[in-house]
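Hi everyone, and thanks for making time today. I'd like to walk you through a structure that may be new to you, so please have the view open and follow along.

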Amino acid sequence: MVHTNQAPVQAADASNKPEIELADDASQIGDTKGMGAAEQENAVGYREYLEAMDIEVTEKESTRLRWKLDLIILPMFLITQALQFMDKTSLNYANLFGYQEALGLKGTQFNYLSAMVYAGYFIGQYPCGWLIGRYPAQKVLAISIFAWGFTVIIMTQARSYSSALAVRFIMGIFEAAVTPGLTLMTGFWYTRREIPLRQCIWYSSLGWGGIIGSYIAMGVSKLPQLGGATCLWAFVIWFFMADSPSNAHFLNHRERLIAVKRVSGNQTGIKNKHFDKGQIWAGFTDPKTILLFISVFAAAIPNGVVNSFSTIIIRDMGFDTTMTTKLKSVGDGVQVVALIIGGSIILNVPNSRLLTATTANILCTVAAACMAYLPRSNTWGRLVAFWLVNSQSVGFTVSLTTISSNMAGYTHRSLASAVVFTAYCWGNFAGPFVVKPTDAPRYEGATVGLLVGYSIKLGCHLGLLVYMFLVNKHRDRVYGPSNREASDEAGMRDKTEFENKDFRYVL
């Protein structure tokens, strides 16, 4: 492939419009003259990247480092996500123990109470990407965890609908740092090949959290302990997690260099402290962002139903309270198994992430159809279908990996994440209103909502697969084979995939 010496200024003007033809800039590989001291300081890990260029890394060293990250970083992500999920969905279990009656809720008030956390989430998640980029990520996360844990404790003192509504809104603001933050941070530590399985593992904490919640019969009476545990966990994150591989206190100097060298191969960089105004357009108009927005919104409506009303739907199939909590945990187990299987397939089969997501999407769409149209007398058939809709988490997790491994330029990536999680917020906000008490015991509106939402997500993921496949083919035809060294360098310099014509999507 021929590379020109044209200045990268050409790329800056129109840099972030999808598939605008820009000049390649591979001439500055390993040359810091193109970056000032401030730019190098903002590009986290860039100096370590340059230092690591000439070191030889053995397979044994790389494997040992990966295991070290898996044993330190991954459990922190998983526990954080599990605590957030249990705190957020505690009302689902409280439903079984008379919480609506205790607060004197009427009509759709419980729906609003359940949904309000996502309104707060919407407000809070926009600054999340900027804060994690500008300041130490683990400290931003720890402060958010402590604050939301404290609001969980306050929730036990709510004695009226309005006070409970306000607390749930504030809780959502602080919880907004978690899933978007962990999505961005997964790309700080892991390679493109490793990201999907690790993301599936920590996202499976939703299933683990649901199982734990079922068996401790988590309701309002358990919130003080849960909130206290969350506050204590914030100190663990503050002191033991690190911002990025370049300054990880639990790695020695050589391990830091190897860790940075590994993730530089993602072609997306680690993170950049500078908010690049030139990447704003890409953040909002990237075709991948638009497709993910539609798919996540469509799937989040059913998700809001499952998270807030799964216990009620199962109970109204004819089971008592004790059996309901146990049966609900089976669906959570299905979610865990589906995520681990999906992540393992993606790890071992190249370019299989969107095909794996499509398979899971078909499964949950068929399950939703069975819920909607199987006769009420077929209790166990409908129950198994309700369990299987939890496989939809595979598709959602693949959506998140698209952000962390197929979007370059930190401002672009963080804004795209904010847009996608906006869809997540408003879909989950709308979800509880699909469930109408008058629809009991079949809840036809809710089950049809599941079917429609999952069908739309299926179509969007297929569209995403076609788009990225065609872009890769176009670039190979026009520019020739990808120059990986040039692409890695562009990623560490915070260039978007639209500027970097050596970038190729992983499918």
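Let's begin with a pair of charged side chains. Arg 254 and Glu 61 form a salt bridge, with their closest N and O atoms 2.6 Å apart. Arg 254 sits in helix 14, which covers residues 253-264, while Glu 61 belongs to helix 4, residues 59-88, so this contact ties together parts that are 193 residues apart in sequence. As for how much of each partner shows, Arg 254 is partly exposed at 35% relative accessibility. Glu 61, on the other hand, counts as buried, at 16%.

Before I go on, please keep in mind that this is a predicted model.

How many salt bridges does the structure hold? The count is twelve, and I'll show you a few more of them.

Have a look at Asp 476 and Arg 504. Their salt bridge brings the closest N and O atoms to 2.8 Å. Here too, distant parts of the chain are linked: Asp 476 is in helix 22 (residues 444-479), and Arg 504 is in the segment after helix 23 (484-492), 28 residues apart. Is Arg 504 buried or exposed? With a relative accessibility of 11%, Arg 504 is buried, whereas Asp 476 is partly exposed at 37%.

Now for a pair within one helix. Arg 484 and Asp 488 meet in a salt bridge with an N to O distance of 3.7 Å. Both are in helix 23, and because they are four residues apart, about one helical turn separates them. Arg 484 is partly exposed, with a relative accessible area of 43%, and Asp 488 is buried at 14%. Elsewhere, salt bridges that share partners join three residues, Arg 66, Glu 194 and Arg 262, into one network.

On to the cysteines. How many disulfides are there? The count comes to zero. If you want to find two of the cysteines in your view, Cys 231 is buried, at 9% relative accessible area, and Cys 370 is partly exposed, at 28%.

Next, a pocket. The second largest pocket has a volume of about 280 Å³. Which residues lie nearest its centre? They are Arg 193, Pro 350, Asn 351, Arg 353 and Val 506, out of 17 residues that line this pocket. By character, the lining divides into seven nonpolar residues, six charged and four polar.

Let me finish with the backbone. Most residues other than glycine have a negative phi. Two spots here are worth turning to with that in mind. Gln 267 is not a glycine, yet its phi is positive, at about 65°. You'll find Gln 267 in the loop between helix 14 and strand 2 (271-272), and helix 14 is the one that carries Arg 254 from our opening pair. Gln 267 is buried, with just 3% relative accessible area, and the cut-off for buried is under 20%.

The other spot is Asp 494. Asp 494 also has a positive phi, about 70°, without being a glycine. Where does Asp 494 sit? Its place is in the segment after helix 23, which is where we met Arg 504 too. Asp 494 is buried as well, at 9% relative accessible area.

That's my tour. Thanks for listening, and I'm happy to go back to any of these places with you.

Notes
Residues numbered from 1 in each chain as written. Predicted model: local features only at pLDDT ≥ 70, side-chain atom pairs only at ≥ 80, totals over all residues. Heavy atoms only, no water. Salt bridge = Lys/Arg side-chain N within 4 Å of Asp/Glu carboxyl O. Helix = DSSP H or I, 4+ residues; strand = E, 2+ residues; numbered from the N terminus. Buried < 20%, exposed > 50% of the residue type's maximum accessible area, 1.4 Å probe, protein only. Disulfide = S-S within 2.5 Å. 1 Å grid on protein atoms, 1.4 Å probe; cavity = no way out; pocket = protein on both sides within 12 Å on 5 of 7 lines; lining within 4 Å. Points joined across faces, edges and corners; volume = space filled by probe spheres on them. Nonpolar A, V, L, I, M, F, W, Y, C, P; charged D, E, K, R; others polar.
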